Amino acid sequence: MRITVFTIFPELIEAACRPSILGAAIESGVLTVRTVDPRDYTEDRHRKVDDVPFGGGAGMVMMAPPIAAALDSALAAEPAGARKPRIVFLTPAGRPFQQDLARAWAREDSLFLVCGRYKGIDDRARREYATDEVSIGDYVLSGGELPALVVIDAVMRLLPGALGDFTSAEEDSIHSGLLEVPQYTRPREFRGERVPEVLLSGHHENIRRWRRRAALEVTYRRRPDLLERAELTSEDRMILEEIRARSGESD
Ligand code: 6GU
């Protein structure tokens, strides 16, 4: 997969892509991440990419022409016959980025991620180019670079061959719509707290059941909204009934 990030801070993206399993995925050729700096597509001496908003107000707005020229150039450089890239604008006004989008985007050949800065991007550029607009949550960030990295990481983990242990992406609880279960490693006892006995038992079926129950329990307590969308088996539903009944008793 090819990911192209449009940003006036290419170092930020490049630095974050080097280490860790993201770096390994790039190294192994499963993924290429490159940056395009709209500043290189300006025509004036000062390489100006932003200007004051019409109508007044604080902050600067990214101008349409440099972004448009950068996108046109990258679109023209796409391999002949390739599927059209998705052109994703990172904006707090976008639709929430969730695992289902990561899964859909992991099947694309080419993704363009467009990072705004300051007060955002001239709306005419968005209307002309954006195929998708996403936000990573309800808080204000100073630009789309960190959200772009979030998208890159979430998508990369789902590419076949990107993870040392591919099944681990599918095993992630959120994959089935639930939160992660508590995990333990050595030592077996830490400050008087022992690892749950079942995890030391070597009994795979009991361990699976314990983990599923723990995932259902933590999701019920912290993110009950997720249970409505989760893929639940009839066994899960029985366990949930029990959890509900017990928490009702203690209320
Ligand atoms: Cl995509 N951009 C900015 N600037 N802030 C955000 C965001 C995106 N998602 C959450 N907050």
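**Exercise 1. The packing of helix 1 against helix 6**

Task: Describe the geometry with which helix 1 and helix 6 pack in this predicted model, and state which residues form the contact.

Solution.
Step 1. Helix 1 covers residues 10-17 and helix 6 covers residues 145-156; the two pack at an angle of about 30 degrees, and their axes are 10 Å apart.
Step 2. The crossing of helix 1 past helix 6 is right-handed.
Step 3. On the side of helix 1, the contact is made by Leu 12, Ile 13, Ala 16 and Cys 17, which meet Glu 145, Ala 148 and Leu 149 of helix 6.
Step 4. Sorted by class, this contact of helix 1 with helix 6 holds six nonpolar residues, no polar residues and one charged residue.

**Exercise 2. The environment of Glu 145**

Task: Determine whether Glu 145 is buried or exposed, and identify the side chain with which the side chain of Glu 145 makes a polar contact.

Solution.
Step 1. Glu 145 belongs to helix 6.
Step 2. The relative accessible area of Glu 145 is 0%; buried means under 20%, so Glu 145 is buried.
Step 3. Its side chain makes a polar contact of 2.6 Å with the side chain of Thr 7.
Step 4. With neighbours within four places in sequence left aside, the contacts of Glu 145 include Thr 7, Ile 8, Phe 9, Leu 12 and Ile 13, and also Cys 115, Gly 116 and Arg 117.

**Exercise 3. The surroundings of the ligand**

Task: List the residues around the ligand, and locate the polar contacts made by nitrogen atoms of the ligand with Ser 135, Ile 136 and Leu 141.

Solution.
Step 1. Around the ligand are Leu 90, Thr 91, Pro 92, Val 134, Ser 135, Ile 136, Gly 137, Tyr 139, Leu 141, Gly 143 and Pro 147.
Step 2. For Ser 135, an N or O atom of the side chain is 3.3 Å from a nitrogen atom of the ligand.
Step 3. For Ile 136, a backbone N or O atom lies 3.0 Å from a nitrogen atom of the ligand.
Step 4. For Leu 141, a polar backbone atom is 3.0 Å from a nitrogen atom of the ligand.

**Exercise 4. Asp 132 in strand 7**

Task: Classify Asp 132 as buried or exposed, and state which residues it touches beyond its neighbours up to four places away in sequence.

Solution.
Step 1. Asp 132 lies in strand 7, which spans residues 132-135.
Step 2. The relative accessible area of Asp 132 is 13%, a value under 20%, and Asp 132 is therefore buried.
Step 3. The side chains of Asp 132 and Thr 131 are joined by a polar contact of 2.8 Å.
Step 4. Not counting residues up to four places away in sequence, Asp 132 touches Arg 86, Ile 87, Val 88, Phe 89 and Trp 105.

**Exercise 5. Arg 213 and Ala 58**

Task: For Arg 213 and Ala 58, establish the accessibility class; then give the contacts of Arg 213 and of Ala 58 with residues more than four places away in sequence.

Solution.
Step 1. Arg 213 is located in helix 9 (residues 204-222).
Step 2. A relative accessible area of 25% falls between the limits of 20% and 50%, so Arg 213 is partly exposed.
Step 3. Apart from neighbours within four places in sequence, Arg 213 is in contact with Ile 239, Glu 242, Ile 243 and Arg 246. With Glu 242, the contact includes a polar one between side chains, at 3.2 Å.
Step 4. The C-alpha atoms of Arg 213 and Leu 240 are 8.2 Å apart in space, while the two residues are 27 residues apart in sequence.
Step 5. Ala 58 is placed in the loop between strand 3 (50-51) and strand 4 (61-62). Its relative accessibility is 63%, which is over 50%, so Ala 58 counts as exposed.
Step 6. Ala 58 touches Pro 53 and Lys 119, residues up to four places away not being counted. Ala 58 and Lys 119 are 61 residues apart in sequence, with a C-alpha to C-alpha distance of 8.3 Å.

**Exercise 6. Backbone features in loops**

Task: State what is notable in the peptide bond from Arg 186 to Pro 187, and in the phi values of Arg 47 and Arg 191.

Solution.
Step 1. The peptide bond from Arg 186 to Pro 187 is cis, its omega being near 0 degrees. Pro 187 lies in the loop between helix 7 (167-171) and strand 8 (189-190).
Step 2. Arg 47 is not a glycine, yet its phi is positive, near 50 degrees. Arg 47 is in the loop between strand 2 (32-36) and strand 3, and is partly exposed at 36% relative accessible area.
Step 3. Arg 191, also not a glycine, has a positive phi of about 50 degrees. Arg 191 occupies the loop between strand 8 and strand 9 (193-194), and counts as exposed at 76% relative accessibility.

Notes:
Residues are numbered from 1 along each chain as its sequence is written. This is a predicted model: local features need pLDDT of at least 70, side-chain atom pairs count only at pLDDT 80 or more; totals for chains, interfaces and linings use all residues. Side-chain values use heavy atoms; hydrogens and water are left out. Axes are lines fitted to C-alpha atoms, for helices over the stretch in contact, and angles run from 0 to 180 degrees between N-to-C directions. Helices (H or I, at least four residues) and strands (E, at least two) are DSSP runs, numbered from the N terminus. A crossing is left-handed if the near helix is turned anticlockwise from the far one by less than a right angle, and right-handed if clockwise. Contact means heavy atoms within 4.5 Å. Ala, Val, Leu, Ile, Met, Phe, Trp, Tyr, Cys and Pro count as nonpolar, Asp, Glu, Lys and Arg as charged, and the others, Gly among them, as polar. Buried means under 20% relative accessible area, exposed over 50%, partly exposed in between (1.4 Å probe, protein chains only). A polar contact is a pair of N or O atoms within 3.5 Å; within protein, one must be able to donate a hydrogen and the other to accept it, and residues adjacent in sequence count only if both atoms are side-chain atoms. A residue is near a molecule or strand if one of its heavy atoms lies within 4 Å of it.
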